[in-house]
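Q: I am new to protein structures and would like a close look at the empty spaces in this one. Could you take me through what lines them, and then show me some of the aromatic rings?

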Amino acid sequence: MSARSRKDVRRDQLIGVAVFLVLWEVTARALDNPLTMPPISAILAALLDLILSGELFLALGQSIFLLIVGLIAATVIGFVFGALIARSQTAYWMLNPYFSALFVTPTIALVPLVLVWFGFGFPGRVIVVVLAAVVPILFSVASGLRDAPGDLIDVARSFGVKGEIPLLFTVRIRAALPVLMAGLRLAAGRGVVGMAVAETYLRLGGIGGLIKSYGAMFQTDYVFASILPLSLLGIGLVTLIARVERRLHWT
Amino acid sequence: MLATISKPRVLLPLLSLVVVVGGWELVGRSINPLLFAPPSVVAQQFAELLATGELQRAATITVQALFLGYALAVVAGIPFGIVMGAWERFGDILQPYLYAIFSTPRVVVVPLIIVWFGIGFEARLFLVFFWSAIAISVNTAQGVRHARPDLVEVARSYRANRVQMARHVLIPGAIPFVVAGLRIGAERAIVGVIIGEMFLQIVGLGGVIQKGSEELLPAKMLCAVVIIATLGTIIVTLLDTFEKRFQNWKGDAA
């Protein structure tokens, strides 16, 4: 709706970034307090050091692995329960309140319990990611499968697709795909938060652990340098899914 | 999200509650009490925490930081959002930073907050305030920009002046967006206050969870989790209802 063209916006944003970086550098040097505000040059040097030493990629690799395993698990669980809730009123009334409550409870509040029950290891961390990400997937599966267009179902029936399970796979899932992708996009955003929460709270492994340990050493430049890739990871993942989502809008 | 289910039944959720609590009790009794607490123990712990006043004190601390931070976010976020929406160039330039900050998990920003604000009340207030102010102002800006061109055209052709334009076209058009921002901001605020209480100074309801984890008292943690979940549900449901009302209003206007 904006009256300004994309090109204008891009140009303004580029100038904005340049001004911002210069202002930061100048202010930081004037303040001369690397603890609270390290200059951009120091942050970039720290980032380069993290890249060259391989520390960053090792941490990112661990984080991304955790994220992918967690999101796959969340998708499977969300799918099973979402399908159940969509197809059965009984399941809806019996299960939905718990998932709604899980949705509004901050994941961080559940982490200590997960820690006690499942330990410090990889399974515990995966469960934190699942707890963060499962509800948007479940809700999108439930609403997507419930609202499958009746005419498509009728056509499939008349071509001899019988029974709920074949119908689920031939018609309902495909019709619901755009909604499912929207759920996955929300879940990915929350999953990144869950991943960071798990790694930071458990203080080991991944990009969250990296940030936490540099924070404990009060090396603010390294803290900034390791937060940056994490933000980019989250934004990149969500943007990627949004792209796929836009392509899927055939209905 | 699943609002269009036809027949609301009271019996099934109750039945499911009985099944879940009963199963939890059975499983809970058979597991090491250091790891797991059955509902009876949680209830007992709840009464104990109430009797000593620990829970009330914790809840007061949490609610204070939450409400003050959120109120500040509303007071600062809405005008800032209006400026961002009305002055498009400023909004465009600022948008990427706000988006980047908003999508960064807050737990990783905690080390920075410690060096900037310490671990006290101000630090927690900042965790609550900043992220919900971003949600509110970004949504407000969107609302201001999305004034319907046809309505603006009509108002112009009747020679509405700036005040009339704002009063009758721009503000009513923006309000549904602002209300959506208020809801997202509130969700962010709740998470923010708990992060602050668990990672900075160990106080409030988040602090109760953290202490429960250190003392190996799962019942204590569960008490605080249940209260936080209830608080969150109440606040989000209230704002949800509020939002739906304005959504309908938008529908009527369209």
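A: Let's start with an open space, move on to an enclosed one, and finish with the rings.

The model is predicted, so local features need pLDDT of at least 70 and side-chain atom pairs count only at pLDDT 80 or more, while totals for chains, interfaces and linings use all residues; side-chain values use heavy atoms, without hydrogens or water. Residues are numbered from 1 along each chain as its sequence is written, with chains lettered from A and ligands numbered from 1 in the order written.

Look for the second largest pocket, which holds about 1,400 Å³ of space. It is lined by 33 residues, and those closest to its centre are Y98(A), A101(A), L102(A), V20(B) and W24(B). (On a 1 Å grid over the protein atoms alone, a pocket is an open set of points with protein on both sides within 12 Å along at least five of seven lines; a cavity is a set where a 1.4 Å probe fits but cannot get out; lining residues have an atom within 4 Å of a point. Points join across faces, edges and corners, and volume is the space filled by probe spheres set on them.)

Both chains help to build this lining: α3 (55–87), α4 (89–104), α5 (107–118) and α6 (122–146) of chain A, and α1 (11–30) and α10 (218–253) of chain B, each supply at least two residues. The largest share, 8 residues, belongs to α4(A). (Helices are DSSP runs of H or I, at least four residues, numbered from the N terminus.) By class, the pocket lining has 29 nonpolar, 4 polar and no charged residues. (Ala, Val, Leu, Ile, Met, Phe, Trp, Tyr, Cys and Pro are nonpolar; Asp, Glu, Lys and Arg charged; the others, Gly among them, polar.)

Now for the enclosed space. The count is 1 cavity of 30 Å³ or more, and the largest cavity has a volume of about 30 Å³. Around it you will find T62(B), L66(B), I190(B), V193(B), I194(B), L205(B), I228(B) and L231(B). Helices α3 (54–86), α8 (162–199) and α10 of chain B give two or more residues each to this lining, and α8(B) has the largest share with 3. The cavity lining divides into 7 nonpolar residues, 1 polar and no charged.

Finally, the rings: there are 15 aromatic pairs over all chains. (Rings of Phe, Tyr and Trp, its six-membered ring, pair if their centres lie within 6.5 Å; planes under 30 degrees apart are stacked, over 60 edge-to-face, the rest tilted.) F117(B) and F126(B) are stacked, at 4.5 Å centre to centre and 25 degrees between the planes. F126(B) also stacks with F130(B), at 5.0 Å and 20 degrees. F126(B) and F130(B) lie 4 residues apart in helix α6 (residues 121–145) of chain B, about one turn of the helix.

F126(B) is buried, with 16% relative accessible area, whereas F117(B) is partly exposed at 33% and F130(B) is partly exposed at 27%. (Buried is under 20%, exposed over 50%, partly exposed in between, for a 1.4 Å probe and protein chains only.) Elsewhere, F20(A), W24(A), F224(A), Y97(B) and W116(B) form one aromatic cluster.
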